[in-house]
Amino acid sequence: MLKRDVREKLIAIVGEENVEDNNASLLAYSYDSTARYQALPDAMVAPRNKHEVAAVVKVCNEHRIPIVPRGSGTNLCAGTTPSEGGIVLIFKHMRKILEIDEENLTITVQSGVYTKDILEAAQQVGLFYPPDPGSMHISQIGGNISENSGGLRGLKYGVTRDYVLGLEIVLPNGEIIQTGGKLAKDVAGYDLTRLYVGAEGTLGVITEAILKLIPQPETKQTMLALYHDLEAAAESVSAIIANRIIPATLEFLDQATVQVVEDYAKIGLPTEAKAVLLIEQDGAAEVVARDMEKIATLCRDNRAFDVQVAQTNEEAEQLTAARRTALSALSRLKPTTILEDATVPRSKIAKMVKAIGEIAEKYQLTICTFGHAGDGNLHPTCLTDARNEQEIELVEKAFAEIFEKAVELGGTITGEHGVGMMKLPYLHLKAGEHGLEAMRSIKKALDPNAIMNPGKMFDPHTKQSTGVEK
């Protein structure tokens, strides 16, 4: 728990109602959406503006108190689990859309704004914010930036990083800086904006963001391609990209996932298919029509036994919404759901899908696979029970092999979920020891007291806190 003098300092900054350290609050913020990771913080603090954030950070830095910046806690890497105690910083008072600049095509927001609210605000003026993580209805933009979230539209439009033009950041010493701006070009010094995107809250606290918007696509079409085997579906993905067609969405679901999603959503998904591709294209009407016709031909050429095009906008939205429910639907089957995101070059999708199946069979585990096949980002999802220690050991071995295979194929251990605590043991596979040391050097330079989200990404090395009673 916090020492009395520290608690009083925090109350003086944010008000008593915004410092919570009762058992219920501590339990509520002791975990995120990642299975098997939990640790109690010493307090939850909810600042009302950037100046209060800065003042809180200064107090924590002075007393060596860990800070865990938290959005909605929807991350899947234990990135906001307060593994070393300290305070969890939440942004429930910082949910304002500050400006939509239609001349410069930007939107400026506070870090607590929900992702879907950004999309809807842009659409109201005929603009578009493409990043769409699966949790976009409840995820906050600060969390999206910290994890560099992806989503279904990542193939064509990129990920969160591609839309962050500028940031307002509270450094670990409590100073406030601004990076970037409403600029198409800016090479003045190091690109600090890019450094903080995907830094997982380990280098500072993001309080505001300037995001790029683009014109709203004119129209879109949605298609399902059905297959009798997984590899044929994966080969279709490679064929579509090889033919220089970049769909807005190109999603892959195996039969087990389709069956569970259909049982959950009940929209008539083809449960007899061993694999399904959900394909969406947007843009000018004539381009969309031409692309979808060619995609349908490519799918059939690669052994799709049926290709179905959504006939109405409502049907199309149902299909996309159903895909977004995959994790929720799978979570109903067993007490513990462990979802990963091994990522490989698009040309290696077929090999990766095959390897996941072989590894699941080797360890006799239930692993369902879905994901953003168009950008190589697969989500092997293991249905298990954390209480079964013997099976959990097998799960850990299986995922270690999956990560090693992804890197062997030229991929990475995480495409969009982040490292956090969950992938910490595997980061060396991708970054190498010299790469890790370079990252540690950056961390040490910016956060010498190691107060920012300690225990994530790197081995824990937090200095002894002086503001917490043990």
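Two rings of Phe, Tyr or Trp count as an aromatic pair if their centres lie within 6.5 Å, and planes over 60 degrees apart make such a pair edge-to-face. The exercises below apply this and related criteria to a predicted model.

**Exercise 1. Aromatic rings**

Task: Determine which residues form one aromatic cluster, how many aromatic pairs there are, and what geometry Phe 128 and Tyr 157 adopt.

Solution. Begin with the cluster: Phe 399, Phe 403 and Tyr 426 belong to one aromatic cluster. Next comes the count, which by the pairing rule is four aromatic pairs. One of these pairs joins Phe 128 and Tyr 157, with 5.5 Å from centre to centre and 85° between the planes, and is therefore edge-to-face, since the angle has to be over 60 degrees. Phe 128 belongs to strand 7 (residues 127–128) and Tyr 157 to helix 6 (residues 154–157), so this pair ties together parts that are 29 residues apart in sequence. Finally, both Phe 128 and Tyr 157 are buried.

A ring may also face a charged group, as with Tyr 163, where Lys 212 lies over the face of the ring at 5.0 Å from its centre.

**Exercise 2. An open sheet and the helix across it**

Task: Give the strand order of the five-stranded open sheet, explain why strand 5 and strand 9 each have one side without a neighbour, and state where helix 3 lies.

Solution. The order of the five strands is 5-6-10-8-9, with antiparallel pairing. Strand 5 (97–101) and strand 9 (176–180) stand at the edges and have a single partner strand each, so one side of each lacks a neighbour in the sheet. Neighbouring strands of this sheet are, on average and with direction ignored, turned by 10° against each other. At the strand 9 edge, five bridges join that strand to strand 8 (residues 164–170), the two running antiparallel, and Val 170 has Ile 176 of strand 9 as its bridge partner. Helix 3 (residues 50–63) lies across strand 8, strand 9 and strand 10 (205–212), and runs at about 50° to strand 8.

**Exercise 3. The two sides of helix 1**

Task: Identify which residues of helix 1 are buried, and explain why they line one face of the helix.

Solution. In helix 1 (residues 4–14), the buried residues are Val 6, Leu 10, Ile 11, Ile 13 and Val 14. Viewed down the helix axis, the buried residues fall within an arc of 160°, so they line one face of helix 1. Arg 4 and Ala 12, on the other side of helix 1, are exposed. The buried residues of helix 1 pack against helix 3 as well as strand 1 (19–20), strand 2 (43–45) and strand 4 (87–89). After helix 1 comes Gly 15, which has a positive phi near 95°.

**Exercise 4. Strand 18 and its partners**

Task: Establish whether strand 18 is mostly covered or exposed, and how many bridges join it to strand 16 and to strand 17.

Solution. Strand 18 (residues 377–384) is mostly covered, with eight of its eight residues buried. In a regular strand, side chains alternate between the two faces of the sheet. Here Asn 377, His 379, Thr 381 and Leu 383 point one way, while Leu 378, Pro 380, Cys 382 and Thr 384 point the other way. Strand 16 (residues 336–339) pairs with strand 18 in the antiparallel sense over four bridges, with Leu 383 as the bridge partner of Thr 337. Strand 17 (residues 366–372) also runs antiparallel to strand 18 and is joined to it by seven bridges; Thr 369 stands opposite Pro 380. The hairpin of strand 17 and strand 18 has four residues between the strands, and in this hairpin Gly 376 takes a positive phi near 80°.

Methods. Residues are numbered from 1 along each chain as its sequence is written. This is a predicted model: local features need pLDDT of at least 70, side-chain atom pairs count only at pLDDT 80 or more; totals for chains, interfaces and linings use all residues. Side-chain values use heavy atoms; hydrogens and water are left out. Rings of Phe, Tyr and Trp (its six-membered ring) pair if their centres lie within 6.5 Å; planes under 30 degrees apart count as stacked, over 60 as edge-to-face and the rest as tilted. Buried means under 20% relative accessible area, exposed over 50%, partly exposed in between (1.4 Å probe, protein chains only). A charge sits over a ring if NZ of Lys or CZ of Arg is within 6 Å of the ring centre and within 35 degrees of the ring normal. Two strands pair if DSSP finds at least two bridges between them. Axes are lines fitted to C-alpha atoms, for helices over the stretch in contact, and angles run from 0 to 180 degrees between N-to-C directions. Contact means heavy atoms within 4.5 Å. The arc is that of the directions from the helix axis to the C-beta atoms.
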